[in-house]
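Here is a short tour of a protein model for you to follow with the sequence and the structure side by side. Take a look at the display, and then we can walk through some of its local features together.

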Amino acid sequence: MENLTDKKWMQLAMEMAAKAEDKGEVPVGAVLVKNNEVIATSYNLSITDHNPCGHAEIRCLQQAGKVLENYRLIDTCLYVTLEPCSMCAGAIIHSRVNRVVFGAKDEKTGAAGTVHNVLQHSSANHIVEVESGVMSEECSQQLSAFFKHRRVEIKALKKAKKAAERSD
């Protein structure tokens, strides 16, 4: 059951995701909260920064470590619009985030229970509490709209390229 606090922070994560989309990035946003206060916010910048590790979660954890002056992010909750991948899940475990709340499931690479369950794997040295599906429809819609628009853009580029080749 979604609570108002989770919705509040997920809404902020969606605002971060919109910033990613404005830069042509996959719209994923993340917010790290401790004691009901924002410690860090971020969004995807993998494409812009030419960085495969430029995921919203990784960037948010890095920022939070600097703010808290500690690589351990004890007693924190990470809100993210899309289920973390294995890379992000590993960083979440190593940073000791207590809880992860995500919106949309990732049917291809989700590592918080959909494809894999890295965050709660019995062999991990830290088990993360996971809450899935908070504002899932809104988060899914944000991602779906982005990819629909991207497909239209790609199709238009291909069509323009063919037209240019014919006119040569």
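## Positive phi in the loops

N36 has a relative accessible area of 46%, so this residue is partly exposed; buried means under 20% relative accessible area, exposed over 50%, and partly exposed in between (1.4 Å probe, protein chains only). This is a predicted model, in which local features need pLDDT of at least 70 and side-chain atom pairs count only at pLDDT 80 or more, while totals for chains, interfaces and linings use all residues. Residues are numbered from 1 along each chain as its sequence is written, and side-chain values use heavy atoms, with hydrogens and water left out.

N36 sits in the loop between β1 (29-34) and β2 (37-43). Helices (H or I, at least four residues) and strands (E, at least two) are DSSP runs, numbered from the N terminus. Most residues other than glycine have a negative phi. N36, though not a glycine, has a positive phi of about 60°. D75 is another non-glycine residue with a positive phi, and R96, which follows α4, also has a positive value.

| Residue | Phi | Place |
|---|---|---|
| N36 | about 60° | loop between β1 and β2 |
| D75 | near 60° | loop between α3 and β3 |
| R96 | near 65° | follows α4 |

D75 counts as partly exposed because its relative accessibility is 47%.

## The chain as a whole

The protein chain has five helices and five strands, arranged along the sequence as α-β-β-α-α-β-α-β-β-α. Its C-alpha trace spans about 60 × 35 × 30 Å along the principal axes. Of the 168 residues in the chain, 42% are buried. Taking contacts (heavy atoms within 4.5 Å) between residues at least 6 apart in sequence, 59% join residues at least 24 apart.

## Helices and their partners

Which residues of helix α4 are buried? In α4 (residues 86-95), they are C88, A89, G90, I92, I93 and S95. Their cover includes α3 (56-68), β3 (76-82) and β4 (99-104).

Now turn to helix α1 (residues 4-22) and helix α5 (residues 136-167), whose axes come within 11 Å and cross at roughly 5°. That makes α1 roughly parallel to α5. Axes are lines fitted to C-alpha atoms, for helices over the stretch in contact, with angles from 0 to 180 degrees between N-to-C directions; under 35 degrees counts as roughly parallel, over 145 as roughly antiparallel, 65 to 115 as roughly perpendicular and the rest as oblique. On the α1 side, M10, M14, A17, A18 and E21 make the contact, and on the α5 side E138, C139, Q142 and F146 do.

T48 belongs to helix α2 (residues 46-49) and is partly exposed, at 39% relative accessibility. Beyond its neighbours within four places in sequence, T48 touches K23 and E25.

## Rings and a charge

The structure holds one aromatic pair. The ring centres of F146 and F147 are 5.1 Å apart and the planes lie at 75°, so the pair is edge-to-face. Here, rings of Phe, Tyr and Trp (its six-membered ring) pair if their centres lie within 6.5 Å, and planes under 30 degrees apart count as stacked, over 60 as edge-to-face and the rest as tilted. F146 is buried at 5% relative accessibility, whereas F147 is partly exposed at 34%.

Finally, the charged end of R59 sits over the ring of Y43, 5.5 Å from the ring centre; this requires NZ of Lys or CZ of Arg within 6 Å of the ring centre and within 35 degrees of the ring normal.
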